[in-house]
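Got your viewer open? Let's take a walk through this model, one selection at a time.

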Amino acid sequence: MPADRAAHAGLIALTALAPVSWGTTYAVTTEFLPADRPLFTGLMRALPAGLLLLALARVLPRGAWWGKAAVLGALNIGAFFPLLFLSAYRLPGGLAAVVGSLGPLLVVALSALLLGERPSARSVLTGAVAAFGVSLVVLRAAGALDTLGVLAALASTASMSTGTVLTKRWGRPEGVGPLALTAWQLTAGGLLIAPVALLVEGSPPALDTPAIGGYLYLALANTALAYWLWFQGIGRLSATQVTFLGPLSPLTAAVVGWAALDETLTPVQLAGMALAFGATVAGQLRPRGMRARARAFSSAEQNRRKDSMDAKEAVLRR
């Protein structure tokens, strides 16, 4: 059991690297990339990463998975990226991040509807505490809210949350690993963004050396590697556990702003970080019933594999 717990904790830590990486997106975008090009930036994040992983995986969808990959790619990438950037450009301060931090609550509701996971009072309370903690970290006083920005923030959160739950519901085709699944979604999402970026923003901008480096970082580390870790985590953790790692993204953004951009952190922000991080940790704790089911499933899986090996050995002995 200690080995199982250590492996589980390691999986959570690896999955957490994805939102931590995403927390650096704002600093990279503002410091290195061309201004006012959210669609082009989303395209450069998604399509090169998807094509690279597709070349590595060398597996294409089959049958119904062409449609499923397109739906997941649209929800997790193609719709999420443009809506996220639109909300960030139109909303004051960190309001977009606050709306995004409502994701765990939405995933709890969608998991009950689509996965049959019974919501607990603890998960709802933990989600509310995480959202409140994030609001203390990133929210600033501002004027009137932009209706389109608020709707875009809500839609981006709903898109990613729905994509997370559907990814968990549909799983992966037999024999297909998380690398291929990630490649399919990034490629589909990038192909969805491409014509919209061309129509709305026109031809690509001229890129200097910092911009090229920034886009390479976003495509490789921030997207290809991060989403591979994210979808691998979804496949092996509950949807609620994965989405409770989301608040690490705005927390990382705040730390990067403090360390690299000379931004200050007030005592209220530090208290918010503690609340949000505590909620993130609490969101990884599985109820006793779920732990028991997980142990039973693990034991049954081990017995099934042992029986399969014994049967193969019996055939070979014959």
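Here is a tour that starts with the whole chain and then stops at a few places along it.

**Stop 1: the whole chain.** Keep in mind that this is a predicted model. Show everything as a cartoon and you'll find 15 helices and zero strands. There are 318 residues, and 44% of them count as buried. Now switch on contacts: among those between residues at least 6 apart in sequence, 90% join residues at least 24 apart. Try a surface view too. The chain exposes about 16,100 Å², with carbon and sulfur atoms supplying 67% of that area.

**Stop 2: colour by confidence.** The average pLDDT is 82, and 84% of the residues score at least 70. Which helix has the lowest confidence, and which the highest? The low end is α15 (residues 288-317), with a mean of 46, while α4 tops the chain at 96. Select 289-302: pLDDT is below 50 there, and the model gives this stretch three contacts beyond near neighbours in sequence. Next pick 308-318, where pLDDT stays under 50 and there are zero contacts beyond four places in sequence. Where pLDDT is low, don't read the predicted coordinates in detail.

**Stop 3: helix α4.** Select residues 65-78. This helix has 14 residues, yet its end C-alpha atoms sit only 17 Å apart, short of the 20 Å a straight helix would reach at 1.5 Å a residue. Show its side chains and look for the buried ones: W65, A69, L72, G73, L75, N76, I77 and G78.

**Stop 4: from N76 across to T157.** Keep N76 selected and add T157. They are 81 residues apart in sequence, but their C-alpha atoms are 9.8 Å apart in space. T157 belongs to helix α9 (residues 147-170). Is T157 buried or exposed? It's buried, because its relative accessibility is 9% and the cut-off for buried is under 20%. Leaving aside neighbours within four places in sequence, T157 touches V99, G100, L102, G103 and L106.

**Stop 5: a nonpolar patch on the surface.** Select L52, L56, L207, I212, L216 and L220; these make a nonpolar surface patch of about 530 Å². Helices α3 (38-57) and α11 (209-236) each supply at least two of its residues, with α11 giving the largest share, three. Finish by zooming in on L52, which lies in helix α3. L52 is partly exposed, with a relative accessible area of 37%.

Definitions and conventions
Residues are numbered from 1 along each chain as its sequence is written. This is a predicted model: local features need pLDDT of at least 70, side-chain atom pairs count only at pLDDT 80 or more; totals for chains, interfaces and linings use all residues. Side-chain values use heavy atoms; hydrogens and water are left out. Patches are made of residues with over 30% relative accessible area and no salt bridge: like charges are joined within 9 Å, nonpolar side chains (Val, Leu, Ile, Met, Phe, Trp, Tyr) within 5 Å. Accessible areas come from the Shrake-Rupley method with a 1.4 Å probe; for residues, only the protein chains shown count as cover. A salt bridge is a side-chain nitrogen of Lys or Arg within 4 Å of a carboxyl oxygen of Asp or Glu. Helices (H or I, at least four residues) and strands (E, at least two) are DSSP runs, numbered from the N terminus. Buried means under 20% relative accessible area, exposed over 50%, partly exposed in between (1.4 Å probe, protein chains only). Contact means heavy atoms within 4.5 Å. The expected span of a helix is 1.5 Å times one less than its number of residues. pLDDT is the predictor's confidence in each residue, from 0 to 100.
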